[in-house]
Amino acid sequence: MIEMQEVYKKYPNGVTAINGIDVRINQGEFVYVVGPSGAGKSTFIKMMYREEMPSSGTITLNGVNLAKLRMKKVPLFRRNLGVVFQDFKLLPSLTVYENVAFALEVIEAQPKFIRKRVMEVLDLVGLKHKIKMLPTELSGGEQQRVSIARSIVNSPKVVIADEPTGNLDPETSWDIMNIFEEVNRRGTTIVMATHNREIVNTIKHRVIAIEAGKIARDEQRGEYGYEN
Amino acid sequence: MKIRTIGRHARESIKNIKRNGWMTFASVSAVTVTLILVGVFFVIMMNLNRVAQTIEQDVEIRVHIDVAANKQQQQSLKSEIESISEVKSVEFSPKTKELDNLVKSLGEDGKAFKLFEQDNPLNDVFIVKTKKPTDTMQVAKQIEKANYVAKVKYGQGKVEKLFKFIKAARNVGVVLIIGLFFTAIFLISNTIKITIIARRREIKIMRLVGATNTFIRWPFFLEGLWLGILGSILPIIVIGMAYYRAYDYIGPKLQGTFIKVLPFDPFVYQVSGILILMGALIGVWGSVMSVRKFLRV
């Protein structure tokens, strides 16, 4: 469960990115975060995985108050959270298998468990046959699938995705969405910032629209609502 | 941390060394060049020091005893000298022995002095050694004041100059070695910093998937260690071989002189140990310092 109360974020350069947000996302929900560029979507998402800190207010995720989370505890917090990025953020020197296994190695999981679990998630994203390839040898869609596999390998309760289809062609984007749908069906909460009007309007879920740092709309089975 | 994890870090660090081929080469070269400099300098310094030590140990005060002094008075002079706290030993050398030494030291020409054996004009002598060679002058002056002392000789003038020279050489050496050491650290930490800046993204991703700072730091720490050790191999070979040759060449020429250089075994092994240690230290230090600033993501 994610909860934000009275959250404000003002950057040192004086820009107010988030201007008072109260929101609650329940376990198992699939939420799109939409809005024009520069509206504060990115900041909203970044605060959820503690890359940005709120200037004031409280953010609770998996029972952890992020506003009070000490730097040292950040890694532990992130282990219970999956994050997927627009630019994939894969380790370029590691193979597909190693990239996914890395998230389990940092928590010092049993090697046997790592092997089993990594193959499981790579199977889910359909990349079982490319485990020995490097990210540079994969297409964009495949790289994003590796990134999703990595984000769910820890079986997190929440996956946060920042424009996961932003760099992909329409067809590949649908593949990626199918994977997110499957992950969500298994009980994982998904919060996804997106600019993809077609996806939001076709695969219906809750839509939170952010404009000028505030929530402009919050609808179950909502629409994208902007011209692309 | 689990042993399994340490194994992982070790494998990871070795993989990184292979993957960052050119950067590895640059770092290792920086370590190599600086360690050769430090090593050569260190070898010279240690040998200079050794020579200085032998010279210092040879410095002695020769107290010529007044011919008028009887056995008892000689004995009291000896006790008086021994009571000076800086004095290590006092040895009596009778005039007959002094003459023998003189005759021997002059070789063929010395035979002429054999005539003096009947009526020896030399004095009996006390040979005094001080605990610290640098106290020689002061002790000599003190002995001069005692009764029944005819003359005190310790290489007046020369000894003072020699000590001054040795002291200056040592100070310059220490300053240069410290300077080189810091230059080495600076060079290496800069090279490693470049490799780490190139991998800043990697570190950020590791943080994002929940790796702790310790977990991220370990492979870099080990990588620095390997780089340092790799960088010390060539200097050890070069210095070992050069010293072996130099020792072979110079050793025989110094035979019979008071100058002695340090023998190959164990000196070169000691230097090798020091170079490996220094390489490891600067490698680790350089990488730990460089990675630190990228860990606050």
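Student: Which residues is Phe116(B) in contact with, leaving aside its neighbours within four places in sequence?

Tutor: Leu99(B) and Pro121(B). This is a predicted model, so each value here is computed from it.

Student: What makes Leu99(B) a contact of Phe116(B), when their C-alpha atoms are separated by 8.3 Å?

Tutor: The test uses C-beta atoms, placed from the backbone, and the cut-off is within 7 Å. Leu99(B) passes that test with Phe116(B). The 8.3 Å is a C-alpha separation, so the cut-off does not apply to it. Along the chain, Phe116(B) and Leu99(B) are 17 residues apart.

Student: Where is Phe116(B) placed?

Tutor: In the loop between α4 and β3 (125-130) of chain B.

Student: Why is Phe116(B) called partly exposed?

Tutor: Count the other C-beta atoms within 10 Å: there are 14. Buried needs 20 or more, and exposed needs 12 or fewer. The count of 14 falls in between, so Phe116(B) is partly exposed.

Student: Is Phe215(B) buried or exposed?

Tutor: Phe215(B) counts as buried, because it has 20 C-beta neighbours inside 10 Å. The cut-off is 20 or more, so a count of 20 qualifies. Phe215(B) sits in helix α8 (residues 213-254) of chain B. Its C-alpha atom and that of Thr5(B) are separated by 8.8 Å, although the two residues are 210 apart along the chain.

Student: How do you know that the length of helix α4 (residues 95-106) of chain B fits a helix?

Tutor: Take 1.5 Å a residue for its 12 residues, and the expected span is 16 Å. The end C-alpha atoms of α4(B) are 17 Å apart, which agrees. Just after α4(B), Gly107(B) takes a positive phi of about 65 degrees.

Student: Why are α2(B) and α8(B) called oblique?

Tutor: Helix α2 (residues 21-58) of chain B packs with α8(B) at an angle of about 40 degrees. Roughly parallel needs an angle under 35 degrees, and roughly perpendicular starts at 65. About 40 degrees meets neither condition, so the pair is oblique. The axes of α2(B) and α8(B) are 7 Å apart, and the crossing is right-handed.

Student: Which residues make the contact of α2(B) with α8(B)?

Tutor: From α2(B), they include Val28(B), Val31(B), Leu35(B) and Ile36(B). From α8(B), they include Leu227(B), Leu230(B), Leu234(B) and Tyr243(B). By class, the contact has 13 nonpolar, 7 polar and no charged residues. Gly39(B), Gly228(B) and Gly231(B) are also in the contact, and Gly counts as polar.

Student: What pattern does chain B follow along the sequence?

Tutor: α-α-β-α-β-α-β-α-β-α-α-α-α. Chain B has 9 helices and 4 strands. Buried residues make up 27% of its 297 residues. Of its contacts with a separation of 6 or more, 85% join residues 24 or more positions apart.

Student: What are the matching values for chain A?

Tutor: Chain A has 7 helices and 10 strands. Buried residues make up 43% of its 228 residues. Of its contacts with a separation of 6 or more, 68% join residues 24 or more positions apart.

Student: How many residues does each chain give to the contact between chain B and chain A?

Tutor: The contact takes 14 residues from chain B and 14 residues from chain A. On the chain B side, the elements giving two or more residues are α1 (3-19) and α7 (200-208). That side divides into 5 nonpolar, 3 polar and 6 charged residues.

Student: Now chain A. What makes α5(A) mostly covered?

Tutor: In α5(A), 11 of the 13 residues are buried. Among them are Val146(A), Ile148(A) and Ala149(A), along with Glu142(A) and Arg145(A). The cover includes β6 (81-84), α3 (96-105), α4 (111-124), β7 (158-162) and α6 (170-185) of chain A.

Student: How do you know that the span of α5(A) fits?

Tutor: At 1.5 Å a residue, helix α5 (residues 140-152) should span 18 Å. Its end C-alpha atoms are 19 Å apart, which agrees.

Student: Why are α3(A) and α5(A) called roughly parallel?

Tutor: They pack at an angle of about 25 degrees, with their axes 8 Å apart. The cut-off is under 35 degrees, so α3(A) and α5(A) are roughly parallel. The crossing is right-handed. Val96(A), Asn99(A), Val100(A) and Ala103(A) in α3(A) meet Val146(A), Ala149(A) and Arg150(A) in α5(A). These contact residues divide into 5 nonpolar, 1 polar and 1 charged.

Definitions and conventions: Residues numbered from 1 in each chain as written. Chains lettered and ligands numbered in written order. Predicted model: local features only at pLDDT ≥ 70, side-chain atom pairs only at ≥ 80, totals over all residues. Expected span 1.5 Å × (residues − 1). Contact = placed C-beta atoms within 7 Å. Axes fitted to C-alpha atoms, helices over the stretch in contact; angles between N-to-C directions. Parallel < 35°, antiparallel > 145°, perpendicular 65-115°, else oblique. Left-handed = near helix turned anticlockwise from the far one by under 90°.
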